[in-house]
Amino acid sequence: MFSIKIKRQKTIFFLYWFLLAYIIAALVWWFIALNQQNQKMTEHELQQLHRDDARFNEKQEQILEEKKRKTAQYFGEGITFLMLIFAGAVFVFRAVRRQFKQSIEQQHFMMAITHELKTPIAVTRLNLETLQKHKLTAEQQQRLITNTLQEANRLNDLCNNLLLASQIEAGGYIFTKETIDLSELVSECAHDFIIRFPQRHLLVSVPPGITYTGDRILLQMAINNLLDNAIKYSGKEKNVWISLIQLDDKISLTVKDEGKGINDLEKDKVFDKFYRIGNQHTKGSRGTGLGLYVTKRILEQHKAEIVVTNNTPMGSIFEIVLTGKNG
Ligand code: ADP
């Protein structure tokens, strides 16, 4: 499906460049033809002059002056026309390229979302069928229930991200503002992850009593997205850290992992909608490319910033900087 799209894109771009080259060639040809005509008319007018005419020199000068004026006029018009064509061509090229990029990203997204929706449903069904059909020990039952809950949580996070992304885009989300005990919120999110991923090491450093005015549900989503990524993009044996610090009116929330990291060229792009590093090669890891986009939009609403840097010796550090004054 993608190769058909890319082929069509190549054909359209070929036609585009061909048409552009044709228009420019026609313009240059038009300039040369007009100039030649001008030259011939000048020659003809000069031939009509009589040497014994008392105003011969004056008339000759007038004809040559007229020729110069016409050449300048053709040149000026040609250049203006050429510049307009170039400006239009750049505009159309960018718009078409952006359209193609968006349509390919959307297809990647549709594939990812189908996979993301089907997997938890399939896992949940299988787990429930196993619980129904087989006599299991209490421990086995517990494991299946925990796994099913994890999948349900994943589905819930995905639906929240999807819903919020479309609501923000349509301008339909009403942001609420309340005083939040951020220390408590971060600790709760961390605690949920410890329950959801008991085999992972999540190290939490959160002093009590840090408060902030914002939208509780959205901030919770942003924190969950960062934690989810830190766990998803680092190996099972690796640690993940979450910490909260307040310095004057600045609050810094950091999620750090020892995963594969993000190279400098991709550090900005990971916040774009549907962007996933490596695209088709990342099929192994589950995701839609919406998490960081939604996170960034949430933080924009709070006039807060998010930056990603490298962890040493490996991994990423996502830092959210909130200021006491968020409008
Ligand atoms: P998703 O995880 O659903 O693909 P995100 O918007 O959350 O979407 O992340 C976009 C991309 O950024 C991911 O596909 C992944 O390639 C990269 N990424 C995000 N967080 C991390 C991380 N902690 N370590 C390495 N890569 C990451």
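## Contact between helices 5 and 6

Contact here means heavy atoms within 4.5 Å. On that basis, helix 5 of this predicted model meets helix 6 through Leu218, Leu219, Met221, Ala222, Asn225, Leu226 and Asn229. The partners in helix 6 are Gly291, Leu292, Val294, Thr295, Ile298 and Leu299. By class, this contact has 9 nonpolar and 4 polar residues. Charged residues are absent from the contact of helix 5 with helix 6.

Two packed helices are described by the angle between their axes and the distance between the axes. For helix 5 and helix 6, which spans residues 291-301, the angle is about 145°. Their axes lie 9 Å apart. The crossing of helix 5 and helix 6 is left-handed.

## Overall layout

The protein has 6 helices and 7 strands. From the N terminus on, the order of elements is α-α-α-β-α-β-β-α-β-β-α-β-β. Two domains are assigned: domain 1 covers 2-107, and domain 2 covers 178-323. Their centres, taken over C-alpha atoms, are separated by 55 Å.

How does the radius of gyration compare with that of a compact globule of 327 residues? The globule would be near 20 Å, but the protein has 33 Å. Along the principal axes, the C-alpha atoms fill a box of roughly 120 × 55 × 40 Å.

## Helix 4 against helix 5

Helix 4 takes in residues 182-196, and helix 5 takes in residues 216-232. Their axes come within 10 Å. They cross at roughly 40°. That angle makes helix 4 oblique to helix 5. Helix 4 passes helix 5 in a right-handed crossing.

Which residues of helix 4 meet helix 5? They are Leu185, Val186, Glu188, Cys189, Ala190 and Phe193. On the helix 5 side stand Arg216, Leu219, Gln220, Ile223, Asn224, Leu227, Asp228 and Ile231. By class, the contact of helix 4 with helix 5 has 9 nonpolar, 2 polar and 3 charged residues.

## Helix 3 against helix 5

Helix 3 runs over residues 138-169 and packs with helix 5 at an angle of about 125°. The axes of helix 3 and helix 5 are 11 Å apart. Helix 3 and helix 5 are therefore oblique to each other. The crossing of helix 3 and helix 5 is left-handed.

The contact is made by Asn160, Asn161 and Leu164 of helix 3. Helix 5 contributes Leu218, Met221 and Asn225. Leu218, Met221 and Asn225 are also among the helix 5 residues that meet helix 6. By class, the contact of helix 3 with helix 5 has 3 nonpolar and 3 polar residues, with no charged ones.

## Backbone details in two loops

Where does Asp248 sit? Its place is in the loop between strand 4 (239-247) and strand 5 (250-257). Asp248 has a positive phi of about 50°, although it is not a glycine.

A second loop links strand 6 (305-310) and strand 7 (316-323), and Pro313 has its place there. Which kind of peptide bond joins Thr312 and Pro313? The bond is cis, with omega about 0°.

Conventions. Residues numbered from 1 in each chain as written. Predicted model: local features only at pLDDT ≥ 70, side-chain atom pairs only at ≥ 80, totals over all residues. Heavy atoms only, no water. Axes fitted to C-alpha atoms, helices over the stretch in contact; angles between N-to-C directions. Helix = DSSP H or I, 4+ residues; strand = E, 2+ residues; numbered from the N terminus. Parallel < 35°, antiparallel > 145°, perpendicular 65-115°, else oblique. Left-handed = near helix turned anticlockwise from the far one by under 90°. Nonpolar A, V, L, I, M, F, W, Y, C, P; charged D, E, K, R; others polar. Domains from an automatic or database assignment. Rg over C-alpha atoms; globule rule 2.2 N^0.38 Å.
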